[in-house]
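Me: I have a model open here and would like to talk through how its sheets, helices and cores fit together. Could we take it piece by piece?

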Amino acid sequence: MRNETILVLMGGESTEREVSLRSGKAVADALRQRFEKVVELDLTRESLGKIAEMAPDCAFIALHGKGGEDGTVQGLLEWMGIPYTGPGTLASALCLDKMMTKKVLTLSGVPTPEFLCIPHEAQKDPQAAVDNAIRVLGLPLVLKANCQGSSIGVAILRERAGAAEVLSELFTYGDQILAEKFLSGTELTVPVMGNSKLLVLPPIEITSSGKFYDYASKYTPGGSRHIIPARISPEVEKRVKSIAAKAYSETGCRGLARVDMMLDEKGEPFVIEINTSPGMTETSLFPDAARAAGISFPELCETLVDLAME
């Protein structure tokens with residue numbers, strides 16, 4: 001057993017709080033198989049000061065969404081001189097912002113679906129904003145709250161009717177909405193871990209019982225299937241892994257991240273988004289991919305701590 005003190009940050013105050021609590025509990029249980037002292041902290045404004053009191057050797061970030069995955073906690077930990085798991089302040093902030101992520105991917109030559117921004121001014125005439133997005137990107141149309149995770153604030157618009165109401169609801173999550181061209185092919189996710197030397201884990205094919213891979217499909221047992229190995233050719237798998245590694249590097253990720261992708265009807269891969277603090281629950285994708293690569297959950301968590309302290 002190792003003698004470092006590991007602080008697991010979980011919970012938080014975002015819309016993904018409940019998932020984060022489950023991730024944190026699973027991670028803490030796994031780390032206790034490798035470390036003598038593992039402390040859990042439900043991170044809120046009131047509990048922030050306890051981090052300095054605990055003075056851990058490393059913080060394991062099991063937070064999801066705003067306030068935990070957006071660079072704010074990462075910046076605090078850096079200021080305090082505490083190593084932490086996952087990408088740094090800039091990469092964390094970048095990847096939670098879907099619009100900026102896609103701009104960086106586009107400039108870097110990483111394939112991503114066509115998109116446009118619907119700004120907060122569009123609330124004055126949401127129907128006109130949706131009509132413009134449909135004109136540019138066609139139907140079906142994917143609409144996403146710009147800075148949410150776990151498929152919260154996501155809608156697939158299949159017809160013009162009711163579009164204004166959908167847009168108005170999505171604006172409750174933030175000031176910008178990402179409109180994205182809909183791809184109807186295979187959904188994949190590619191977990192990546194490492195700092196300078198990367199390990200791209202086996203791609204996972206995702207199927208869901210709902211209309212798309214939404215919050216309920218992700219976190220309800222039986223709501224989705226994780227197919228490993230993905231039902232793709234060796235050639236496509238090689239390309240998917242290469243694109244995932246490039247997306248990871250070009251956005252400045254370190255430690256770990258999960259690159260979500262779609263194959264279009266021709267089998268061409270496109271990066272949808274990058275998750276810098278992926279779920280670590282019993283139904284989560286990253287641990288599934290690690291197991292497929294022969295890495296147990298305790299080993300995975302310990303490796304992430306080692307990468308943080310590297």
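Reply: Gladly, and one convention comes first: axes are lines fitted to C-alpha atoms, for helices over the stretch in contact, and angles run from 0 to 180 degrees between N-to-C directions. Please also keep in mind that this is a predicted model.

Me: OK, so which strands does helix 1 lie across, and at what angle to strand 1?
Reply: Helix 1 lies across strand 1, strand 2 and strand 3, and its direction is at about 170° to that of strand 1. Helix 3, residues 72-80, also packs on this sheet, where it touches strand 1 and strand 3 and makes about 180° with the direction of strand 3.

Me: What is the strand order in that open sheet of three?
Reply: The order is 2-1-3, and the pairing is parallel. Strand 2 and strand 3 stand at the edges with a single partner strand each, so one side of each has no neighbour in the sheet. From one strand to the next, the twist averages 25°.

Me: How many bridges join strand 1 to strand 2?
Reply: Seven bridges join these two parallel strands, and within the pairing Thr-5 stands opposite Lys-37 in strand 2.

Me: Switching to the inside, how many residues are in the largest nonpolar core?
Reply: That core has 30 residues, and Val-8, Leu-31, Phe-60 and Leu-300 are the ones with the most contacts inside it. Among the elements that give it two or more residues are strand 1 (2-10), helix 1 (17-31), strand 2 (35-42) and strand 3 (58-61), together with helix 11 (297-309). Helix 11 supplies the largest share, seven residues.

Me: And what does Leu-300 touch?
Reply: Leaving aside residues up to four places away in sequence, Leu-300 touches Met-193, Met-280, Phe-286, Pro-287, Ala-290 and Ile-295. Apart from this core lies another, of 22 residues, which includes Cys-95, Leu-188, Ala-247 and Tyr-248.

Me: Now the four-stranded sheet: what order do the strands take?
Reply: They form an open sheet in the order 4-7-5-6, with antiparallel pairing. Strand 4 and strand 6 are the edge strands, each pairing on one side only, and neighbouring strands are turned by 20° against each other on average, direction ignored.

Me: Which strands of it does helix 5 touch?
Reply: Helix 5, residues 98-107, packs on the sheet against strand 4, strand 5 and strand 7, and its direction makes about 150° with that of strand 4. Helix 6 packs on the sheet as well, touching strand 4, strand 5, strand 6 and strand 7, at about 170° to the direction of strand 4.

Me: Staying with helix 6, which of its residues are buried?
Reply: The buried ones are Pro-126, Ala-129, Val-130, Ala-133, Ile-134 and Leu-137. Because they cover an arc of only 135° around the axis, they sit on the same side of helix 6. The elements covering them include helix 7 (163-170) as well as strand 4, strand 5, strand 6 and strand 7.

Me: How far does helix 6 reach?
Reply: Its twelve residues, 126-137, reach 16 Å from the first C-alpha to the last, close to the 16 Å expected at 1.5 Å a residue. Just after helix 6, Gly-138 takes a positive phi of about 80°.

Me: Last one: in strand 6, which side chains are buried and which are not?
Reply: The side chains alternate along strand 6, with Ala-155 and Leu-157 buried on one face, while Val-154 and Ile-156 point to the other and are not buried. Strand 6 pairs with strand 5 in the antiparallel sense over four bridges, and Lys-144 stands opposite Val-154.

How values were computed. Residues numbered from 1 in each chain as written. Predicted model: local features only at pLDDT ≥ 70, side-chain atom pairs only at ≥ 80, totals over all residues. Heavy atoms only, no water. Core = buried A, V, L, I, M, F, W, Y, C linked by side-chain atoms within 4.5 Å. Buried < 20%, exposed > 50% of the residue type's maximum accessible area, 1.4 Å probe, protein only. Contact = heavy atoms within 4.5 Å. Expected span 1.5 Å × (residues − 1). Arc of directions from axis to C-beta. Pairing = 2+ DSSP bridges.
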